[in-house]
Amino acid sequence: MKQYITISMSLLTFLFFSCTSSDSIMEDAEDEDETTESVTELHAAFAEFDTTETDIYLSANGTTVTIEASGLPNHKTGYWGEGHTLYYEEDSSFDPTPTTLNENGNYDQVITVDAVPSKASNTTSTSLGSIGVAISGAAIYNDQEGSGSLDGAAVSLDWTGAHIGPDVYHYHLEPHAMSNDDKNLIGILKDGFFIYGRKCDSTNTYPTNLDSSGGHTSTTQHSDGEEEYHYHVINEIYSTSSLGDVGYILFAGPFQGSL
Ligand SMILES: [Zn+2]
Ligand SMILES: [Zn+2]
């Protein structure tokens, strides 16, 4: 239907301006397809990212943003080995994977996203491995585990819903180091949309209009009054027999933006 209207409008334009030039029709058509917007400064949310563990910059033409992350979390966890200043003694049920974080290890992650991301016409499933970067500098994963279900790996998750396996430290659950039942920014996903805690700044409570990805369009504390699409941790308890504590899945997909 939209296409039909567009064609009709073009036809009208053509009839109206047919005595001058057909160039105007070409310009109209190009405007219709224009999807890449440029900006002159980084989105305000990027100021929340740890400046030691991430390096974030805008492309020369202002259309894309590149986020280089160390992959090392800037907060305490049992995955920092004993003796490290950020080592944290987890509770007794914690059964870590056999790897600890290494300051000198190479866990770098680089993602490039549109400076002004837009929703795609089709969603994209997430896959195993990193699906985004948290403000802490570490990776965001979905609700799946390479070695099997997340349930089986739950005992290896630290106090902030993360573990190492097989290589990089990554979050699966609401990461309490950044957000715990609040509206804090958690990070950015590979489709360019930001992900926030379980509450939304627009209403100061749990959003009730989230799509299947936990996303909706509203203002945020970083959007300067403009409405923009973003994700939230969905406020549904994820709990299993092997997970003694209450947790919330960070992101179960699919991506709503283009990759
Ligand atoms: Zn994992
Ligand atoms: Zn929101």
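The following exchange goes through two zinc sites and the nonpolar cores of a predicted model.

This is a predicted model in which local features need pLDDT of at least 70 and side-chain atom pairs count only at pLDDT 80 or more, while totals for chains, interfaces and linings use all residues. Residues are numbered from 1 along each chain as its sequence is written, chains are lettered from A and ligands numbered from 1 in the order in which they are written, and side-chain values use heavy atoms, with hydrogens and water left out.

Me: What makes Cys200, His216, His230 and His232 donors of the zinc ion (ligand 2)?
Reply: Donors are N, O and S atoms within 2.8 Å of the metal (3.2 Å for Na, K and Ca); water is not among the atoms, so sites may look incomplete. Cys200 (SG), His216 (NE2), His230 (NE2) and His232 (NE2) coordinate the zinc ion (ligand 2) at 2.0 to 2.2 Å, so they meet the cut-off. Their spacing in sequence is C-x15-H-x13-H-x1-H.

Me: Why is the arrangement around the zinc ion (ligand 2) called tetrahedral?
Reply: Four donors count as tetrahedral if all angles lie between 85 and 135 degrees; four count as square planar and six as octahedral if opposite donors are over 155 degrees apart and all others between 65 and 115; anything else is irregular. The 4 donor atoms of the zinc ion (ligand 2) subtend angles of 101 to 124°, so the arrangement is tetrahedral.

Me: What makes the arrangement around the zinc ion (ligand 1) irregular?
Reply: Its protein donors are Glu145 (OE), His163 (NE2), His170 (NE2) and His172 (NE2), 2.0 to 2.3 Å away. The 4 donor atoms there subtend angles of 82 to 163°, which makes the arrangement irregular.

Me: Which of Glu145 and His170 are called buried?
Reply: Both Glu145 and His170 are buried, that is, under 20% relative accessible area (exposed is over 50%, partly exposed in between; 1.4 Å probe, protein chains only). At the other site, His230 and His232 are both buried too. Buried residues make up 42% of the 259 residues in the chain.

Me: What makes a set of residues a nonpolar core?
Reply: The members are buried Ala, Val, Leu, Ile, Met, Phe, Trp, Tyr and Cys residues joined through side-chain atoms within 4.5 Å. The largest such core has 45 residues, of which Phe49, Ile67 and Ile188 touch the most other members. A second, separate core of 5 residues includes Leu150, Leu157, Leu173 and Ile249.

Me: With which residues is Ile67 in contact, leaving aside neighbours within four places in sequence?
Reply: Contact means heavy atoms within 4.5 Å. The partners of Ile67 include Phe46, Asp55, Val133 and Ile188.
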